[in-house]
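Load the model in your viewer and switch to a cartoon view. The tour goes from the sheet to its helices, then to two loops.

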Amino acid sequence: MAFWKKLFATAAITTAMLTGAAQADEVKIALVVKSLGNGFFDAAAKGAEEAAEEIGDVEIIYTGPTSATAEGQIEIVNSLIAQQVDAIAISANDPDALVPVLKKAMARGITVISWDSGVAPEGREVHLNPSDTDLIGETIIKLAADYLPDGGDVAILSASSTATNQNAWIDAARQVLPEKFPDINLVAVVYGDDDSVKSTNEAKGLIASYPDLDAIIAPTTVGVVSAAQVVTDMDLIGEINVTGLALPSEFKQFIDNGASQAVALWNPIDLGYSAVYLAHSLATDQVEAEPGATLSIGRVGEVTLDENNAAAMAPPFQFDESNIDEFSKIY
Ligand code: RAM
């Protein structure tokens with residue numbers, strides 16, 4: 001072959017190889033949420049996209065079941081394994097039920113982390129909590145107690161009964177109650193499954209069963225909206241204060257109409273961003289997950305892993321009439 005022809009052929013092959021290599025280098029990160037159609041997770045997905053853009057060569061696959069069940073998530077994880085994604089970042093509907101399928105993913109070389117709602121340590125490399133669990137537990141009680149100077153009866157409307165995050169917060173809340181809030185009486189815990197219809201029915205059930213109820217605490221952005229809507233519709237504003245963890249954009253109307261005095265939440269955009277940032281640095285072997293390791297979460301800062309390779313992002317913010325308007329424009 002003439003020299004110039006050889007050169008051309010080599011150049012052609014090199015270009016093809018480079019294109020192939022560039023595609024193979026793209027890191028596919030699946031953000032698996034408890035359920036689709038939840039504004040909190042949509043906000044987290046925005047942060048995930050932001051991280052992907054900043055890092056470059058990252059594809060985000062945003063997915064989740066239609067209702068918040070472990071079975072639905074198991075099916076999704078199986079299909080992500082078949083698609084050979086590089087990393088799975090999951091907010092789990094159950095701490096244990098997902099372990100076998102996530103172990104299978106890790107055995108195939110897929111990086112697995114949980115965020116928001118954790119899986120047991122054997123089912124993931126790292127877990128990213130939004131905030132410190134004890135702090136959230138205390139915050140949700142304090143949000144009700146602040147407006148009950150003489151104490152009173154409160155009930156919790158949670159998400160699903162197997163949700164790792166809500167169950168951990170409720171346990172933490174129960175721990176602080178006797179010592180720090182002796183006049184607050186927790187009369188019931190019910191589960192709305194992060195489903196508006198079920199949450200509405202559960203809120204109505206609480207009101208029917210406990211006529212002296214002073215506050216409903218919903219540590220779920222779905223449940224808190226349903227409870228506030230029920231209190232509004234039943235003309236109970238001023239009698240039952242609804243509080244908990246709420247997305248300002250969805251909840252502003254209930255601060256405005258007085259169904260709620262105050263709620264709290266961390267930044268869900270930052271949480272999705274941080275989850276992708278961590279999943280990417282683990283999947284590309286830039287860092288190693290081990291107790292005591294300090295890992296970067298990009299523009300959000302850094303986290304230090306505890307003995308279970310878990311870490312917390314940042315403290316929650318409180319929203320009331322003084323600031324809900326401003327935050328409702330962000331998330
Ligand atoms: C709901 C979900 C999510 C939780 C928030 C506060 O959107 O249950 O897991 O972190 O509420």
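Helices (H or I, at least four residues) and strands (E, at least two) are DSSP runs, numbered from the N terminus. The model is predicted.

Begin with the sheet. Six strands form an open sheet in the order E2-E1-E3-E4-E5-E13, and the pairing is parallel. Select 58-63 for E2 and 310-312 for E13: these are the edge strands, each paired on one side only. From one strand to the next, the twist averages 20°.

Now zoom in on one pair. Select residues 87-90 (E3) and 111-115 (E4); 4 bridges join these parallel strands. Pick isoleucine 90: its bridge partner in E4 is serine 114.

Next, add the helices. Select residues 39-55 for H2, which packs on the sheet and touches E1 (27-32), E2 and E4. The direction of H2 makes about 170° with that of E2. Then select residues 268-283 for H10, another helix packed on the sheet. H10 touches E1, E2, E3, E4 and E5 (126-129), and its direction makes about 160° with that of E4.

Finish in the loops, with backbone torsions on display. Most residues other than glycine have a negative phi. Where does aspartate 57 lie? Look in the loop between H2 and E2. Its phi is positive, near 55°. Aspartate 57 is exposed, because its relative accessible area of 52% is over the 50% cut-off.

Jump to aspartate 235, in the loop between H8 (221-233) and E9 (241-244). Here too phi is positive, about 55°, in a residue that is not a glycine. Aspartate 235 counts as exposed, at 66% relative accessibility.

Methods:
Residues numbered from 1 in each chain as written. Predicted model: local features only at pLDDT ≥ 70, side-chain atom pairs only at ≥ 80, totals over all residues. Heavy atoms only, no water. Pairing = 2+ DSSP bridges. Axes fitted to C-alpha atoms, helices over the stretch in contact; angles between N-to-C directions. Contact = heavy atoms within 4.5 Å. Buried < 20%, exposed > 50% of the residue type's maximum accessible area, 1.4 Å probe, protein only.
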